[in-house]
Amino acid sequence: MTAPTADTAGHRQPFRTNWGGRLAYVALVAYVIYAGSHLGFSWDRFVSGIGNGGHFVARMFPPAWDRWGLLADGMIESLQIAILASFFGVLLSLPVGLLAARNLMPVWVTWPARGIIALCRSFHPIIIAILFVKAVGFGALAGVLALIVGSIGFVGKLFAESIEEISLKQVEAVRATGASFSGVLIMAVQPQVLPRFIGFATYQLDSNLRNSTMVGIVGGGGIGATLFTAYQRFDFDFVLSILIVTVAMIMAAEVLSGWIRKTFQ
Amino acid sequence: MPGTAIHREWERFTLPQKLGRYALYLMAAIAVVWSFRTIEIIAEFLYDSPAQIADLFTRMWPMDWSYFGSAVWSSLVETMHIATLGTILSLGIAMPLGLIAARNLTPIPALNWFAHFLFVTSRSVNSLVWALLFVAVFGPGPLAGTLAIAFRSIGFVGKLFAEALEEANKGSIEALVAAGAPVRSQILMGYWPQVRPAFWSIALFRWDINIRESAVLGIVGAGGIGVALDTALNLLYWDQVAVVLLTIFVVVILAELVVTAIRQRVL
């Protein structure tokens, strides 16, 4: 936003007043006030909300653990959704990403592949889940399919980018031995991209786990359904225990994927 | 030395490395097989899914464009405001936290740890859950959505900002310290110019993500285009749903193009 001011200033003022920058801040403040009033924010509303928040937090404590069976079932289903969606999503994003890599593929192949990736990426998993719930009915399958689509969009894009960044010297060397195209992929491309690819896959597992706890809100199976029901019934103490377990599982998954990345470094 | 050639085979990985890899492959295989065998899939629903999909598309076409003028446009504007205000708010909260989280700026491990803990919590709770919580506190509407977007973004923005600060070159900061500059000047004149490109890139990246996220918050009542989507879905007006989906698609693509253009110009 603010352009660096080189040696235009004299010696007395090493840091010249940046009028452009100040104007930008004024514009920012003006926008915040305008947009806030457009959305109907007001101080009264905020203050009354703080009061509500007190009640809300009070009803959340202590967290309720008596329905732990329901909680465990939902968590396990979320975990299954995340694992299956990551597995199939990553598996499918391999060919899609490869087809989208501009250094290995001709233009008429990369464009459709890039189109698929863009389409998969632009919708939030929840919206895709809504469509799949209509298509294949309520339950875990809709969630799995929705997250597979999301995974193709995300991993496919990153995978295509990392293939485009590989060194072509090794590709040429392998090609010079008379290797076939699959030979080139296995011996020249795969060793260069595998560590990064494992990184994307584990990242996607984390991300799918986060989203698999959500798709239940629209009927896609997993803990989200339990959470939303508890929320609508104002069982805020159960909501809190669900949230605690969800956050704990996501943190554990992050630690695990850190290990996996280290092993494949 | 003829005849005493030592037989050596080159291996890319050591034995423990290999074992670690195989163990992880095995774990992954077990996890996938277990999930596949135990996940509950209702087969009856699958039989009529082709019919359902065909039904979905026939009901979506032709699209009901009158819905765009009556509800979609105003809620789209609301979504843009939610995403932008939420990003600005999260930057305002995450930057001080980022200063605390950066180990080179704040040499107190307890404070670093505390800031990182806040980041992880913020990222671990999905934006829809943040929205649910804020809807319970502030009532349905864009205020809940804006706060949900902001709280969800704090972790992302703060973590990346702290990493950028930690990577800052020490030279210019030491020069400032040697000149007797107070901490405020060290941050503004030493760190800020170094992290500014990273800061803008993080802010733009997050804004792009937030556009996508704020489009669904309406499903739980937190304002924006999701409200229009939810209304159409509940009434089973799939021709209106199609309009909303197309609008979201176009806006997301446009936002990505804008972000890419700004990045190329500014960074």
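When I call a residue buried, I mean under 20% relative accessible area; exposed means over 50%, and partly exposed is in between. Keep that in mind, everyone, and take B:Lys159 as a warm-up: its relative accessible area is 30%, so B:Lys159 is partly exposed. B:Glu163, at 33%, counts as partly exposed too. These two residues both sit in helix H7 of chain B, residues 142-166, four residues apart, about one turn of the helix. They form a salt bridge, with the closest N and O atoms 3.6 Å apart.

Before we go on, please remember that this is a predicted model. In chain A the average pLDDT is 83, and 94% of the residues score at least 70. Residues 6-10 of chain A, however, have a pLDDT below 50, and this stretch makes two contacts in the model beyond near neighbours in sequence. Where pLDDT is low, the predicted coordinates should not be read in detail.

Now let's look at how the two chains meet. How many residues of chain A are in contact with chain B? There are 69, and they touch 69 residues of chain B. About 6100 Å² is buried between the chains, and carbon and sulfur atoms give 74% of that area. Three salt bridges are found across this interface. B:Arg123 and A:Glu254 form a salt bridge, their closest N and O atoms being 3.9 Å apart.

Let's stay with salt bridges for a moment. Over all chains, the structure holds 17 of them. Within chain A, A:Glu164 pairs with A:Arg114 at 2.8 Å, N to O. A:Glu164 is in helix H6, residues 140-164, and A:Arg114 is in helix H4, so this pair ties together parts that are 50 residues apart in sequence. A:Glu164 is partly exposed at 24%, and A:Arg114 is partly exposed at 25%.

Over in chain B, B:Asp55 forms a salt bridge with B:Arg59, with 3.1 Å between the closest N and O atoms. Both lie in helix H3 of chain B, four residues apart. B:Asp55 has a relative accessible area of 25%, while B:Arg59 has 41%.

Next, a few backbone details, if you'd like to turn to the loops. Where in chain B is B:Pro62? You will find B:Pro62 in the loop between helix H3 (49-60) and helix H4 (66-101). A cis peptide bond, with omega of about -5°, joins B:Trp61 to B:Pro62. In chain A, A:Phe234 has a positive phi of about 60° although it is not a glycine; A:Phe234 lies in the loop between helix H9 (223-232) and helix H10 (236-263). B:Leu236, also not a glycine, has a positive phi near 60°, and B:Leu236 is in the loop between helix H10 (225-234) and H11 of chain B.

To finish, some side chains inside and outside. Is A:Thr202 buried or exposed? With a relative accessible area of 6%, A:Thr202 is buried. A:Thr202 belongs to helix H8 of chain A, and, leaving aside neighbours within four places in sequence, is in contact with A:Ser257, A:Ile260 and A:Arg261. By contrast, A:Trp111 in helix H4 of chain A is exposed at 63%.

On the surface of chain B, B:Trp65, B:Leu246, B:Val250, B:Leu254 and B:Leu257 make a nonpolar patch of about 480 Å². B:Leu254 lies in helix H11, residues 238-266, and is partly exposed at 48%. Thanks for listening!

Key
Residues are numbered from 1 along each chain as its sequence is written. Chains are lettered from A and ligands numbered from 1 in the order in which they are written. This is a predicted model: local features need pLDDT of at least 70, side-chain atom pairs count only at pLDDT 80 or more; totals for chains, interfaces and linings use all residues. Side-chain values use heavy atoms; hydrogens and water are left out. Patches are made of residues with over 30% relative accessible area and no salt bridge: like charges are joined within 9 Å, nonpolar side chains (Val, Leu, Ile, Met, Phe, Trp, Tyr) within 5 Å. Accessible areas come from the Shrake-Rupley method with a 1.4 Å probe; for residues, only the protein chains shown count as cover. A salt bridge is a side-chain nitrogen of Lys or Arg within 4 Å of a carboxyl oxygen of Asp or Glu. Buried means under 20% relative accessible area, exposed over 50%, partly exposed in between (1.4 Å probe, protein chains only). pLDDT is the predictor's confidence in each residue, from 0 to 100. Contact means heavy atoms within 4.5 Å. Buried area is the accessible area (1.4 Å probe) that two parts lose on being put together, summed over both.
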